[in-house]
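Thanks for sending this one over. Here are my notes, set out as numbered points so you can follow them with the model open beside you.

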Amino acid sequence: MQQIMTRLAQDHARLTQVLNMLDGLLDRFHEGTEPDYELMNELLEYMDSYADIVHHPTEDLLFQRVLERTSERSEVFEVLMRQHAGLSQVTKRFRASIEGILNEEVLLREDVEANGRELVATNRAHLLLEDTEAFPIAMQALTDADWKEIADAAPAAEDPVFGSPDPQRFKALYKQLHAQSNL
C-alpha cells in the first residue's frame, strides 16, 4: 500500500477512536451527567487542527489527482472535497458550544447535543464514503509517480496526539487515550 494511503488509513482509524470517545461523552451529556468538557474541547481542537492542516489537504491532493486521471465516480471526489470545508464548520460550531459551557454561558442542552451528534454522524458518513468508494478508486487509478508527487506536496506535520504526543497541549486527551490503552 502507498505510504500516503497508510497514513490516511491510520488517520481514519484514529479519528474513529476520537469519534467513539466523543460519542460516549455525548451519551453522558444526554443522560444529564456532566462529561469531561475539557476532554471534549481537546478532542475538537485535535479534530479541527490536524484535519484542517494535514489530513484534509492531503486527501484533497489525492482526490484532485484522481480526477485528473479518471472520470470514474468523479462526483464522489467532488462531494468529498466540498465536505471538507463543511466538516470544519460543523466542528467549529460544536466547539463553540463546548467553549460556551466552559465559560459558563447559558446554552440549551439539546442544542449542544444536536451539534455534537451532527459532528459525529457527519464525520462517520464522510469517512465511510472515503474508505469504501474514494480510496479503492485512487488505489487503482494512480501511478507510482502520482503517489510520489502527492507525498512530496502533502503537508508533513506530525499528528500532535498519536504521532509525537504533546501532552501539554492535549493533556486530557492524552490521559484518556493512555488509560484506554492500558485496559
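**Notes on the predicted model**

1. Let me start with a residue on the outside: arginine 82 counts as exposed because its relative accessibility is 57%, above the 50% cut-off for that class. You will find arginine 82 in helix α3. Its C-alpha is 9.6 Å from that of aspartate 60, although 22 residues separate arginine 82 and aspartate 60 in sequence. Please keep in mind throughout that this is a predicted model.

2. Now a step back to the whole chain. The protein chain has six helices and zero strands, so its pattern along the sequence reads α-α-α-α-α-α. Of its 183 residues, 42% are buried.

3. How do α1 and α2 pack? Two packed helices are described by the angle between their axes and the distance between the axes. For helix α1 (residues 3-30) and α2, the axes come within 11 Å and cross at roughly 155°. The two helices are therefore roughly antiparallel, since angles over 145 degrees fall in that class. The crossing of α1 past α2 is left-handed. In the contact of α1 with α2 there are 21 nonpolar residues, three polar ones and four charged ones.

4. The next pair along can be read in the same way. Helix α2 (residues 37-69) packs against helix α3 (residues 74-102) at an angle of about 165°, and their axes are 10 Å apart. That angle makes α2 roughly antiparallel to α3. Here too, α2 and α3 cross in a left-handed sense. Their contact is made up of 15 nonpolar, seven polar and ten charged residues.

5. Which loop holds arginine 73? Arginine 73 sits in the loop between α2 and α3. Its phi is near 50°, a positive value in a residue other than glycine. That deserves a glance, because most residues other than glycine have a negative phi. With a relative accessible area of 35%, arginine 73 is partly exposed, so it falls between the 20% and 50% cut-offs.

6. Glutamate 104 is worth viewing alongside. Glutamate 104 is not a glycine, yet it has a positive phi of about 65°. Its place is the loop between α3 and α4 (109-141). Is glutamate 104 buried or exposed? At 72% relative accessibility, glutamate 104 counts as exposed.

7. Next, the aromatic side chains. The count of aromatic pairs comes to four. One of them is formed by tyrosine 46 and tyrosine 50, which are stacked, with 5.9 Å from centre to centre and 0° between the planes. Both tyrosine 46 and tyrosine 50 lie in helix α2, four residues apart, which is about one turn of the helix. Tyrosine 46 and tyrosine 50 are both buried.

8. Two more ring features are worth a look on screen. Phe63, Phe77 and Phe135 are linked into a cluster by ring pairs. Elsewhere in the sequence, arginine 109 lies over the face of phenylalanine 29, at 4.0 Å from the ring centre.

9. If you have time for a second pass, I would go through three places in turn. One is the contact of α1 with α2, with its 21 nonpolar residues. Another is the stacked pair of tyrosine 46 and tyrosine 50. The last is the pair of loop residues with positive phi, arginine 73 and glutamate 104.

Terms used:
Residues are numbered from 1 along each chain as its sequence is written. This is a predicted model: local features need pLDDT of at least 70, side-chain atom pairs count only at pLDDT 80 or more; totals for chains, interfaces and linings use all residues. Side-chain values use heavy atoms; hydrogens and water are left out. Axes are lines fitted to C-alpha atoms, for helices over the stretch in contact, and angles run from 0 to 180 degrees between N-to-C directions. Angles under 35 degrees count as roughly parallel, over 145 as roughly antiparallel, 65 to 115 as roughly perpendicular and the rest as oblique. A crossing is left-handed if the near helix is turned anticlockwise from the far one by less than a right angle, and right-handed if clockwise. Ala, Val, Leu, Ile, Met, Phe, Trp, Tyr, Cys and Pro count as nonpolar, Asp, Glu, Lys and Arg as charged, and the others, Gly among them, as polar. Rings of Phe, Tyr and Trp (its six-membered ring) pair if their centres lie within 6.5 Å; planes under 30 degrees apart count as stacked, over 60 as edge-to-face and the rest as tilted. Buried means under 20% relative accessible area, exposed over 50%, partly exposed in between (1.4 Å probe, protein chains only). A charge sits over a ring if NZ of Lys or CZ of Arg is within 6 Å of the ring centre and within 35 degrees of the ring normal.
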